[in-house]
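Hi,

Here is the structure I said I would pass on. Have a look at it first, and my notes on what turned up follow below.

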Amino acid sequence: MATRPGPLTEWPWQRLGNFKYLVMGPVVVHGARRVLARGWGDIDLAFALILPSLLLRMVHNQIWISAARYQTARSKHRIVDRGIEFDQVDRERGWDDQIILNGLLFYVGYLTIPSVRHLPAWRTDGAAVMALLHAGPVEFLYYWFHRALHHHFLYSRYHSHHHSSIVTEPITSVIHPFAEHMVYYFLFAIPMLSTIYIGNASVLGFVLYIAYIDFMNNMGHCNFELVPKWVFQVFPPLKYLMYTPSFHSLHHTQFRTNYSLFMPFYDYIYNTMDKSSDQLYESSLKGTEETPDLVHLTHMTDLQSAYHLRIGFASIASRPSDSSMWYMWVLWPVAWLSMVLAWVYGSSTFVVERIKLRKLKMQTWAVPRYNFQYGLSWERESINDLIEKAILDADARGVKVLSLGLLNQAKQLNGGGELFRQKYPKLRVRLVDGSGLATAVVLKSIPHDTKQVFLHAGPSKIASATAFALCERGVQVIMNPKKEYDTLKSQIADSKASYLKHSSNNTPQIWLVDNIDDKEQKMAPQGAIFVPISQFPVKKIRKDCTYLSTPAMKIPETMQNIHACENWLPRRVMSAWRIGGILHALEGWTMHECGDAMIHTEKAWSAAIRHGFIPLTKG
């Protein structure tokens with residue numbers, strides 16, 4: 001929102017939320033009535049392409065969004081080395097509003113201009129006229145309108161909304177108040193209406209002109225330089241006819257320079273070109289190699305998790321993955337397709353995120369596999385190969401710590417990472433599963449006055465460590481499965497063994513659980529507190545019970561470039577296992593925390609608090 005919002009700032013359908021596409025209903029109804037009355041033969045090309053062109057624009061824009069986020073996470077050609085936060089994602093959530101407006105204006109034009117109904121598919125002379133009119137009147141008028149928008153009166157009421165994003169993404173290009181967009185569409189209508197008047201307009205000419213505008217808008221708002229130098233060397237005048245991402249980035253950082261739409265020659269003519277434009281272009285192209293201090297290795301969980309990744313759908317990734325949205329079912333084909341492609345062609349990990357905590361540089365890499373694949377015995381070798389390849393790559397690049405997230409640290413898969421430590425004893429990168437901090441968070445979640453807990457968990461590193469710590473504290477740990485009880489009993493000190501009890505009748509209020517089904521949950525007493533000790537959340541079926549989060553903590557305010565939720569966790573909350581890896585890098589600990597090795601829980605907890613991580617619950 002602008003600093004002092006002016007009239008017509010809000011989009012007319014803003015209050016409809018996700019149901020805003022209903023405003024396209026008249027177009028659908030109109031088309032359906034014509035087909036039912038006179039058949040498909042009555043639908044002319046101009047009308048037939050209204051809705052498909054909007055869909056193509058959305059796909060085009062989403063490709064730019066995903067590609068740009070992937071490149072800014074891994075590329076050395078970043079222009080502005082700053083992060084994006086959740087407020088920018090929320091502000092730019094409505095990037096499709098202008099596509100809806102475009103569809104409505106096309107429909108109104110179709111109804112009010114009879115000659116549009118007889119337009120041919122293509123006219124070369126009409127396309128040439130549109131190109132000339134864009135380079136002339138459109139670029140000229142836009143330049144002066146843009147300069148007017150930077151006058152404090154209009155800037156504070158309208159254009160400051162767009163400039164709230166210092167670090168731009170492709171979708172930043174279309175984030176403007178409604179009134180601004182109306183002016184822009186009036187300008188872009190000049191070439192289209194002129195060719196209709198002249199009589200050499202064409203349907204594909206209009207579609208391609210809008211595609212050109214989208215392409216240039218998206219390209220110019222990328223936060224990495226992608227226009228190769230040889231393009232300007234082959235055709236030097238092109239520097240006056242096509243801007244670059246670094247050229248427009250200066251407008252967002254300096255505000256009073258580089259006003260042109262897509263063709264910088266008006267900035268040259270009126271002496272408003274930023275003098276550092278060429279230098280920034282050169283330095284951005286050259287780039288700076290960056291080696292992360294820490295790599296967190298994760299993977300996709302369920303089918304929908306592909307677009308919960310940062311490089312997926314920005315607005316979806318900015319919410320916890322358990323947030324229910326009615327339109328998610330429409331994306332199931334995309335989810336299935338991405339899973340199949342990842343399974344068939346996913347031969348290495350890929351970068352999905354780049355974050356920074358003070359001087360510590362971190363990246364998140366994803367193994368292109370899903371939860372269900374980790375449970376397939378014939379997939380284990382290939383998954384371990386992917387993890388091994390990532391570890392060796394990180395080691396070769398000088399990464400200090402690699403934390404194993406989710407099932408990448410499963411004991412059944414690779415012994416909690418011990419397989420790789422033993423196979424490569426000279427590894428410089430430290431392998432971390434974060435179990436020390438995860439255990440500490442579980443222990444701190446249990447109220448201090450607790451006398452009994454019920455441990456419903458299979459054999460795991462954290463379950464054992466938690467049980468031992470509680471027995472040391474004098475808390476009675478009750479277990480039901482005899483096999484797990486006998487295993488823990490044989491490992492605990494004789495002086496504390498009396499605190500470990502096997503019982504199927506005694507059910508305390510505090511339940512420590514990892515994988516628990518609905519039937520077992522119903523055995524808990526009313527008012528029970530379920531404390532997860534695994535990385536995956538407990539299904540909430542009891543309204544009379546309390547469910548705590550999986551072990552996690554709030555991150556410090558100084559952690560930058562956080563604008564996607566970690567799976568099911570809330571905003572700016574990170575799993576304890578992942579934080580454990582961060583602490584390993586911050587503290588400079590030299591041991592591997594994998595296999596049976598674990599950082600002392602109090603040592604890990606003290607480090608987390610000292611570095612600004614905040615508990616979600618207080619015991």
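**Where two domains meet**

Let me start with one pair: Glu-85 makes a salt bridge to Arg-572, with 3.3 Å between the closest N and O atoms. Before you read on, keep in mind that this is a predicted model.

To place that pair, here is the layout. The domain assignment splits the chain into domain 1 (14-286), domain 2 (294-436 + 564-615) and domain 3 (447-553). For the contact between domain 1 and domain 2, domain 1 supplies 17 residues and domain 2 supplies 21 residues. Taken over C-alpha atoms, the centres of these two domains lie 37 Å apart.

How much area do domain 1 and domain 2 bury between them? The figure is about 1800 Å², and 52% of it sits on carbon and sulfur atoms. On the domain 1 side, the residues that lose the most area to domain 2 are Arg-69, Phe-86 and Arg-93, which together make up 35% of what that side buries.

On the polar side of things, four salt bridges are counted between domain 1 and domain 2. There are also eight residue pairs in polar contact across this interface, with both residues at pLDDT 80 or more. As for secondary structure, helix H3 (50-74) and helix H4 (86-91) are the elements that give two or more residues to the side of domain 1 touching domain 2. H3 has the largest share of that side, with seven residues.

**Asn-218 and its surroundings**

The other spot I looked at is Asn-218, which belongs to helix H9 (residues 203-220). Is Asn-218 buried or exposed? Asn-218 counts as buried because its relative accessible area is 0%, and the cut-off for buried is under 20%.

Leaving out residues up to four places away in sequence, Asn-218 touches Asn-61, Trp-64, Pro-170, Ile-171 and Ser-173. Ile-65 is worth a click too: its C-alpha atom is 8.2 Å from that of Asn-218, although the two residues are 153 apart along the chain.

**What the record says**

An unreviewed UniProt entry carries the annotation "transmembrane region" for residues 183-211 and 326-352. In the model, residues 183-211 are 86% helix and 0% strand. The C-alpha atoms at the two ends of that stretch are 19 Å apart.

If you open just one view, I would pick Glu-85 and Arg-572.

Cheers

Terms used:
Residues numbered from 1 in each chain as written. Predicted model: local features only at pLDDT ≥ 70, side-chain atom pairs only at ≥ 80, totals over all residues. Heavy atoms only, no water. UniProt positions renumbered as here; feature names shortened; annotations may be inferred. Helix = DSSP H or I, 4+ residues; strand = E, 2+ residues; numbered from the N terminus. Buried < 20%, exposed > 50% of the residue type's maximum accessible area, 1.4 Å probe, protein only. Contact = heavy atoms within 4.5 Å. Domains from an automatic or database assignment. Buried area = accessible area lost by both parts, 1.4 Å probe. Salt bridge = Lys/Arg side-chain N within 4 Å of Asp/Glu carboxyl O. Polar contact = N/O pair within 3.5 Å; in protein donor to acceptor, adjacent residues only side chain to side chain.
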